[in-house]
Amino acid sequence: MTAPDTGNGSPVRIDGPWTHRDVAANGARFHIAEMGDGPLVLLLHGFPQFWWTWRHQLPALAEAGYRAVAMDLRGVGGSDRTPRGYDPANLALDITGVVRSLGEPDAALVGHDLGGYLAWTAAVMRPKLVRRLVVSSMPHPRRWRSAMLSDFSQTRAGSYVWGFQRPWLPERRLVADDGALVAELIQEWSGPRPPEDAALEVYRRAMCIPSTAHCSIEPYRWMVRSLLRPDGIQFNRRMKLPVRVPTLHLHGSLDPAMRTRSAAGSGEYVEAPYRWRLFDGLGHFPHEEDPVAFTAELVNWLKDPEPDR
C-alpha cells in the first residue's frame, strides 16, 4: 500500500472525497475535513493522530445521511499551534466553538482517546450543543483520574502519560528518526490488526510538523500536573455534573493503554441512555483496526431514535 496523496503537498490536507477548510473558534483557527449533509457528527481524534484517523467513518457517515466533520484539535494537524490553552476545559470550548462556527444548533460528538476525554468534558460544559455522545477508548475524566491514581495496573499501562511530564525530552523522542516512536506506539497499542505501514507513515509525518509534538503532549501535562492544583481539583469537581445525553461507550478488549476495567463504569456519570460495547480482539484504535464493525455500531446507534440503557 502506498502512502495517500496529500494533494497540495501538505502532510495533513490529504486528498479524498472530503473537503478541507478552516474555521475560527475560541480565539484560534481549526482545520476540518467534511462531507455530507444532514445532522452534524463531529469527530475528535486522539494521540498520536490527527483528523485522518476518521477517514473510514467520514464517507460512511455522509452516506448514512449525516454532515460528517473531522477536526484537528488545537496544536495538531492543520490547526493553530497556540502557546497556551491546552487544558481540557479550553479544548472542550474549542470543540463546541467549532459546532457554532459551522452554523449548527448541536452535534453528535464522537471522540477517541484524548478526543473522547474532551467529548465527555464538552457534554458536561455545554450540554445544549451536544445532541449525542460517543466515546471510544477513554473513560469518563473522573474515572480516568481515579484509575491513574489508585489502580497500579492502569498506572503502569499509562506510563507514557507520566513520561510526558519531563521537559523537552518527550518532544525530542516523538520526532526522532522521522517520528518512528509514533509508529511504535500505534503498533504497541493496537490489537492483532494494526494500521498498515503506509498509514503509520502519515502519522509520523504529521507529528514532525514543527511544534506539533509539544502541543500534543501539553494536554497530558496539564492532566497530571493539575491533579493536586486548584484548577485541577475544580475541574474534577465540575465533572461531577452528569452527562444528560444518550451515550455510546466503545472499547477494545485488548486495549493495553486504557484497560477495560478503567473504562467500564463510566455510565455512573450518565443520566441518560448509556450503551457499553466491547469489541473482542481489538486494541486501542477500534475505528481503524476494524472500521466496518466500528462504523456499523456507530451508525446504527446514531439512527436509533430511542437508544436503550
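Buried here means under 20% relative accessible area, and that cut-off is worth keeping in mind for the views below. The model shown is predicted.

**View 1. Strand 5 is a buried strand with neighbours on record for pairing.** Let us start with strand 5, residues 107-112. Six of its six residues are buried, so strand 5 is largely enclosed by the rest of the structure. Ala107, Leu109 and Gly111 point one way, while Ala108, Val110 and His112 point the other way, and all are buried. This fits a general pattern: in a regular strand the side chains alternate between the two faces of the sheet.

**View 2. Strand 5 pairs with strand 3 and with strand 6.** Strand 3 (residues 40-44) runs parallel to strand 5, and four bridges join them. Look for Val41, which stands opposite Ala108 of strand 5. Strand 6 (residues 130-136) also pairs with strand 5 in the parallel sense, here over six bridges. Val134 in strand 6 is the bridge partner of Val110. Add helix 3 (residues 114-125), and strand 5, helix 3 and strand 6 make a right-handed β-α-β unit.

**View 3. Arg132 in strand 6 is a buried arginine.** Arg132 counts as buried because its relative accessibility is 11%, below the 20% cut-off. Its side chain reaches the backbone oxygen of Asp304 at 2.5 Å. Leaving aside neighbours within four places in sequence, Arg132 is in contact with several residues, including Ala107, Ala108 and Leu109, which belong to strand 5. Other contacts of Arg132 include Val245, Pro246, Trp301, Pro305, Glu306 and Pro307. Leu302 is also among the contacts of Arg132; these two residues are 170 apart in sequence, yet 8.0 Å apart in space, C-alpha to C-alpha.

**View 4. Asp72 is buried and has no salt bridge.** You will find Asp72 in the loop between strand 4 (67-71) and helix 2 (88-101). The nearest side chain of opposite charge, Arg81, is 7.0 Å away. What joins the side chains of Asp72 and His31? A polar contact of 2.8 Å does. Not counting residues up to four places away in sequence, Asp72 also touches others, among them Phe30, His45, Phe50, Trp51, Gly77, Gly78 and Ser79.

**View 5. Salt bridges join strand 1 to strand 2 and link into a network.** The side chains of Arg21 and Glu34 meet in a salt bridge at 2.4 Å, N to O. Arg21 lies in strand 1 (residues 19-25) and Glu34 in strand 2 (residues 28-35), so the pair ties together parts that are 13 residues apart in sequence. Arg21 is partly exposed at 31%, whereas Glu34 is buried at 12% relative accessibility. Asp22 and Arg29 form another salt bridge, at 3.2 Å, N to O. Asp22 is partly exposed, with a relative accessible area of 34%, and Arg29 is partly exposed as well, at 32%. Asp22 and Arg29 also belong to a network of salt bridges with Arg13 and Asp80.

**View 6. A salt bridge joins Arg193 and Asp290.** Their side chains meet at 3.6 Å, N to O. The pair links distant parts of the chain, 97 residues apart: Arg193 is in the loop between helix 7 (169-189) and helix 8 (197-207), and Asp290 is in the loop between helix 12 (286-289) and helix 13 (291-303). Arg193 is partly exposed at 43% relative accessibility, while Asp290 is buried at 18%.

Technical notes. Residues numbered from 1 in each chain as written. Predicted model: local features only at pLDDT ≥ 70, side-chain atom pairs only at ≥ 80, totals over all residues. Heavy atoms only, no water. Helix = DSSP H or I, 4+ residues; strand = E, 2+ residues; numbered from the N terminus. Buried < 20%, exposed > 50% of the residue type's maximum accessible area, 1.4 Å probe, protein only. Lys, Arg positive; Asp, Glu negative; His and termini not counted. Salt bridge = Lys/Arg side-chain N within 4 Å of Asp/Glu carboxyl O. Polar contact = N/O pair within 3.5 Å; in protein donor to acceptor, adjacent residues only side chain to side chain. Contact = heavy atoms within 4.5 Å. Pairing = 2+ DSSP bridges. Right-handed = clockwise from strand over helix to strand, strands pointing away.
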